[in-house]
Amino acid sequence: MREPDAEAPGRSGTVPSGSAGRQRSPSSLAFALPWPPLVDAERGIGLRPWGAADADATALAAAWADPEVARRNQVPARHDEGAAAAWIAGEAQRRSRGLAVDLVVFESGRPDLVVGEVGLVMADRLRRWGEVGYWTVASARGHGLATAAVALFSRWALAELSVARLLARTAHDNPAAARVAERAAYLPAGDLAEGARLWFLDRH
Ligand SMILES: CC(C)(COP(=O)(O)OP(=O)(O)OC[C@H]1O[C@@H](n2cnc3c(N)ncnc32)[C@H](O)[C@@H]1OP(=O)(O)O)[C@@H](O)C(=O)NCCC(=O)NCCS
């Protein structure tokens with residue numbers, strides 16, 4: 001297997017999605033929502049679209065206000081509830097344009113409560129490489145949620161979206177993020193000049 005270049009374009013963090021419908025059209029580069037909904041019953045988590053619960057904008061604004069999330073993920077300069085609501089409202093368009101897809105992580109039986117996010121941005125449209133980003137709320141960390149969510153999301157994205165390879169970028173001083181990538185079956189692709197490790201996972 002060819003190693004991805006360490007210079008692959010990418011992003012980090014939170015990203016966008018859209019309402020292109022639930023069925024994937026093979027000729028379309030739009031990202032569809034997962035259907036049926038993505039659930040890992042054994043690990044007790046599911047992934048759902050943003051905006052499905054009334055309190056989503058409040059939860060997203062709170063996550064953006066977490067210094068660790070803001071430091072490790074790409075969050076907007078304005079991260080109040082209004083900005084979060086606008087970001088959620090724009091999700092469908094980003095997804096329909098094939099730019100990004102982001103899903104809420106929830107625990108089984110509590111779909112309204114946001115415990116994290118996992119998503120991808122299209123990092124290289126020509127090669128169909130996406131870069132994943134993820135976070136969990138501070139109170140939910142250390143229980144395997146991010147690992148389960150990234151594994152579930154990545155399997156779905158590679159199988160169902162027009163994505164050939166997924167990349168993850170983890171800072172050297174963020175060992176938890178690296179461990180999540182590793183446990184979600186990503187392989188190390190090398191270290192970047194910016195003090196981060198690049199990981200990849202291919203469609204099989
Ligand atoms: C990184 C993050 C997503 C992990 O979320 P989480 O729900 O706690 O992740 P999990 O519980 O699934 O797994 C964390 C793993 O990291 C390990 N870990 C945690 N802190 C660690 C540390 N300081 N050193 C080494 N490993 C560490 C845990 O032991 C666990 O591994 P294990 O299952 O083998 O024991 C969460 O801390 C977060 O949101 N951080 C802020 C945003 C961020 O960094 N996002 C990633 C951007 S690439």
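This is a short tutorial dialogue on reading a predicted protein model and the ligand in it.

Visitor: What should I know before I start?

Guide: Residues are numbered from 1 along each chain as its sequence is written. The model is predicted, and local features need pLDDT of at least 70, side-chain atom pairs count only at pLDDT 80 or more, while totals for chains, interfaces and linings use all residues.

Visitor: How many helices and strands are there in the protein?

Guide: Helices (H or I, at least four residues) and strands (E, at least two) are DSSP runs, numbered from the N terminus. Here you have 6 helices and 8 strands. Walking from the N terminus, the order is β-β-α-α-α-α-β-β-β-α-β-α-β-β.

Visitor: In what order do the strands sit in the sheet?

Guide: Two strands pair if DSSP finds at least two bridges between them. In this protein 8 strands make an open sheet in the order β1-β2-β3-β4-β5-β6-β8-β7, and the pairing is mixed. β1 (38-40) and β7 (187-192) are at the edges with a single partner strand each, so one side of each has no neighbour in the sheet. From one strand to the next, the twist averages 25°; axes for such angles are lines fitted to C-alpha atoms, for helices over the stretch in contact, and angles run from 0 to 180 degrees between N-to-C directions.

Visitor: Which helix packs on that sheet?

Guide: Look for contacts, meaning two residues whose C-beta atoms, placed from the backbone, lie within 7 Å. α5 packs on the sheet and touches β1, β2 (45-49), β3, β4, β5, β6 and β8 (196-202). The direction of α5 makes about 155° with that of β5. For the protein as a whole, residues 24 or more positions apart account for 65% of the contacts with a separation of 6 or more.

Visitor: Let's take β5. What are its pairings with β4 and β6?

Guide: Strand β4 (residues 116-124) runs antiparallel to β5 over 8 bridges, and Y134 of β5 is the bridge partner of V118. V118 is also the bridge partner of L103, from the pairing of β3 (residues 100-107) with β4, which is antiparallel over 6 bridges. On the β6 side (residues 165-171), β5 pairs in the parallel sense over 3 bridges, with W129 opposite R165.

Visitor: Which hand does the β5, α5 and β6 unit have?

Guide: A crossover is right-handed if, with the strands pointing away from the viewer, the path from the first strand over the helix to the second runs clockwise. β5, α5 and β6 make a right-handed β-α-β unit.

Visitor: Is β5 buried or exposed?

Guide: Count C-beta atoms, placed from the backbone: a residue is buried if 20 or more others lie within 10 Å of its own, exposed if 12 or fewer, and partly exposed in between. In β5, 8 of the 8 residues are buried, so the strand is largely enclosed by the rest of the structure. Both faces are covered, with W129, E131, G133 and W135 on one side and G130, V132, Y134 and T136 on the other. Across the 204 residues of the protein, 46% count as buried.

Visitor: Which residues that are not glycine have a positive phi?

Guide: Two to look at are R128, at about 60°, and A185, at about 85°. R128 is in the hairpin of β4 and β5, which has 4 residues between the strands, and R128 is partly exposed, with 16 other C-beta atoms within 10 Å. A185 is in the loop between α6 and β7 and is exposed, with 12 such neighbours.

Visitor: Where is there a cis peptide bond?

Guide: Go to the bond from W35 to P36, which is cis with omega near 0°. P36 is in the segment before β1, and so is P37. Leaving aside neighbours within four places in sequence, P37 is in contact with G46 and R48.

Visitor: Finally, how many residues surround the ligand?

Guide: A residue is near a molecule or strand if its C-beta atom, placed from the backbone, lies within 6 Å of it. The ligand has 23 residues around it, the closest being R72, R141, A146, T147 and P175. Elements giving two or more residues to this shell are α2 (67-72), β5 (129-136), α5 (145-160) and α6 (175-183). α6 has the largest share, 6 residues.

Visitor: What is the shell made of, by class?

Guide: Ala, Val, Leu, Ile, Met, Phe, Trp, Tyr, Cys and Pro count as nonpolar, Asp, Glu, Lys and Arg as charged, and the others, Gly among them, as polar. The shell has 9 nonpolar, 9 polar and 5 charged residues.
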